[in-house]
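Please look over the sequence and the model before reading on, and keep both in view. The paragraphs below move from the whole chain to a few of its parts.

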Amino acid sequence: MAYSVPSGSRPLLNLKLSEKRFRFHRFNNEKTQLLFFSTTKSYPTTHFSATFHTCFNSNYAVSSSLKGARLGFTAKAGAQEGYSSGEEAESVVDEANYQEEFSWFSVILPFLFPALGGLLFGYDIGATSGATISLQSPELSGTDWFNFGAVQLGLVVSGSLYGALLGSSLVYPIADFLGRRRELIIAALLYLLGGLITANAPGLSVLLVGRLLYGLGIGLAMHGAPLYIAETCPSQIRGTLVSLKELFIVLGILLGYFVGSFQINAVGGWRFMFGLSAPVAVLMLLGMWSLPPSPRWLLLRAVQGKGPVQELKEKAIVALSKLRRRPLGDKVSEKQIEDTLVSLKYAYKDQESEGSFMEVFQGPNLKAFVIGGGLVLFQQITGQPSVLYYAGSILQTAGFSAASDATRVSVVIGLFKLLMTWIAVLKVDNLGRRPLLIGGVSGIAVSLFLLSAYYKFLGGYPLVAVAALLLYVGCYQISFGPISWLMVSEIFPIRTRGRGISLAVLTNFGSNAVVTFAFSPLKELLGAENLFLLFGAIALLSLIFVVVYVPETKGMSLEDIESKILNK
């Protein structure tokens, strides 16, 4: 096979390649032919050897990816513009196995401070479980407005989730303007303000305002944290760190359970439960203030034409050097930023600098939203917020009548949740996303049917309810818990990642708020046995969704996910 050489062109590189399997990519457009080659074949069983004569137009940057191939080449520069005649270089490249060099110490703080946003979200879940018991107790609430109806209880419990729903709606059109760092700083301020107002509320109305403000912080944090972590961490540990953020949510839940168990018998203990979030919010605020902006966000602003390209590029180099604890302006960071900028320019070529408002619902972006949005939707409508927020009341119904007994069993559930999340973190990059999802969702369905059976005809066996709850949280924490947010952070194309994740967060908290608010009224209408039966049926539907629609992304770069899955 041979292609004619454009007149006046001279070979830039002579490459020799030996590999069992590889693919060729030929880039052509109406302006220039970028690659031509001639081949020499020999087939001693499975080997293929070839000599490439490659010609580059100096106006274009081409990045070749030969997955799994070990490419050795000797290059002699020809007379093309931008190269010195006679210059030689020898190199060996294995792009498929390339890994950025980094120290774990350098990634701790850029992960820790955004992850505190997840911890504060989890703390709200755990603290609310005990605080609702304290608030409704005539002896322990310390108020004269403790007598809540089902709707008022639903508003107290889901008030923060309605705030999160509002926050994720507000951030959708302005995510790329704010940037990940500023978004997390605002989230920390809202956490602080909401926690203090709730803890000092003189009445139900002020308490609900505080819950709403805290929820706004949740909405911004759960959008900004996975973006900041995914965009600033080394690619080979992206799955581990994004999953570890889920571990921080679990730590927050466990902390909330512990605080609830110690304060459940104190008069006005609910004030301490809600107020303890304030010092953690201060730590998050100071931490995010000390971190640099996401280098990828700075480059995204550059290719969108939102500032001088060179200035933003230099800021990105400084930010990456600071994140990796390298000397300012080091060559490694400069090369990484240059490569990322080329990738972003390629992603934006022949397109408007900034996508339209509805672009996330078109083409590959819609496919990404179906996958990511579907996962976070099923994460909620299989009963997750109900099981967590109402853990105390479920256990009371199961026979643990004393409030302190219920909250202490909730602590046991939280510890088990932490253990299972850690297992998921360790295995997600080994087993893959799909096996964990399929196995975990299957267990969720079984646990929900067990809860239904307990309320129907196994009421004399309270340990069945505890076992079902443990099975539920264990299976949730190896599947929907970490994997849904990991897939959301991976699956959206770079052009729409900010808006796509905003929409996924909106879907998550919208369905969460609806299920949480509707749980008590539906329980009264259908009975607990039929309600958990309904959740079990939905879990079976979610299992079918995972098997049919959710791809495996283990070991794939963000660019591979976009090209091989979304653009198929």
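What follows is a walk through a predicted model, starting with the chain as a whole and ending with single residues.

The protein chain is built with 21 helices and four strands. Of its 568 residues, 55% are buried, and the chain exposes about 24,300 Å², with carbon and sulfur atoms supplying 62% of that area. If we take the contacts in the protein chain with a separation of 6 or more, we find that 79% of them are accounted for by residues 24 or more positions apart.

From these totals we can turn to the interior. The largest nonpolar core has 123 residues, and those with the most contacts inside it are Phe-121, Tyr-191, Met-284, Phe-492 and Phe-532. Helix α1, which covers residues 104-135, gives the largest share of this core, namely 14 residues. A second core, separate from that one, has 15 residues, among them Trp-297, Ala-302, Leu-312 and Ala-319.

Two helices show how such elements sit in the structure. Helix α5, residues 204-232, has 29 residues and reaches 41 Å from its first C-alpha to its last, which is close to the 42 Å expected at 1.5 Å a residue. Because 23 of the 29 residues of α5 are buried, this helix is largely enclosed by the rest of the structure. Helix α8, residues 277-290, has 14 residues and reaches 20 Å between its first and last C-alpha, close to the expected 20 Å. The buried residues of α8 are Ser-277, Ala-278, Val-280, Ala-281, Met-284, Leu-285, Gly-287 and Met-288, and what covers them includes α1, α4, α5 and α7. Met-284 has already appeared above, as one of the residues with the most contacts inside the largest nonpolar core.

Another residue from that list leads us to a different part of the chain. Leaving aside residues up to four places away in sequence, Phe-492 touches Val-360, Asn-365, Ala-368, Phe-369, Arg-497, Gly-500, Ile-501 and Ala-504. Thr-496 lies in the loop between α18 (480-491) and α19 (497-526), and with the same sequence neighbours left aside, Thr-496 touches Glu-359 and Asn-365. Is Thr-496 buried or exposed? Its relative accessibility is 4%, so Thr-496 counts as buried, the cut-off being under 20%. Thr-496 and Ala-368 are 128 residues apart in sequence, while their C-alpha atoms are 9.9 Å apart in space.

We now come to a charged residue, Arg-433, which lies in helix α16 (residues 433-457). With a relative accessible area of 2%, Arg-433 is buried. Which partners does its side chain reach? The side chain of Arg-433 reaches the backbone oxygen of Val-428 at 3.3 Å, and it makes a polar contact with the side chain of Glu-490 at 2.5 Å. Apart from residues up to four places away in sequence, the residues that Arg-433 touches include Gly-239, Ile-483, Leu-486, Met-487 and Glu-552.

Finally, we may consider the cysteines. A disulfide is a covalent bond between the sulfur atoms of two cysteines. With sulfur atoms required to lie within 2.5 Å of each other, the count comes to zero disulfides. Cys-233 counts as buried at 10% relative accessibility, and Cys-475 counts as buried at 11%.

Note on methods. Residues are numbered from 1 along each chain as its sequence is written. This is a predicted model: local features need pLDDT of at least 70, side-chain atom pairs count only at pLDDT 80 or more; totals for chains, interfaces and linings use all residues. Side-chain values use heavy atoms; hydrogens and water are left out. Helices (H or I, at least four residues) and strands (E, at least two) are DSSP runs, numbered from the N terminus. The expected span of a helix is 1.5 Å times one less than its number of residues. Buried means under 20% relative accessible area, exposed over 50%, partly exposed in between (1.4 Å probe, protein chains only). A nonpolar core is a set of buried Ala, Val, Leu, Ile, Met, Phe, Trp, Tyr and Cys residues joined through side-chain atoms within 4.5 Å. Contact means heavy atoms within 4.5 Å. Accessible areas come from the Shrake-Rupley method with a 1.4 Å probe; for residues, only the protein chains shown count as cover. A polar contact is a pair of N or O atoms within 3.5 Å; within protein, one must be able to donate a hydrogen and the other to accept it, and residues adjacent in sequence count only if both atoms are side-chain atoms.
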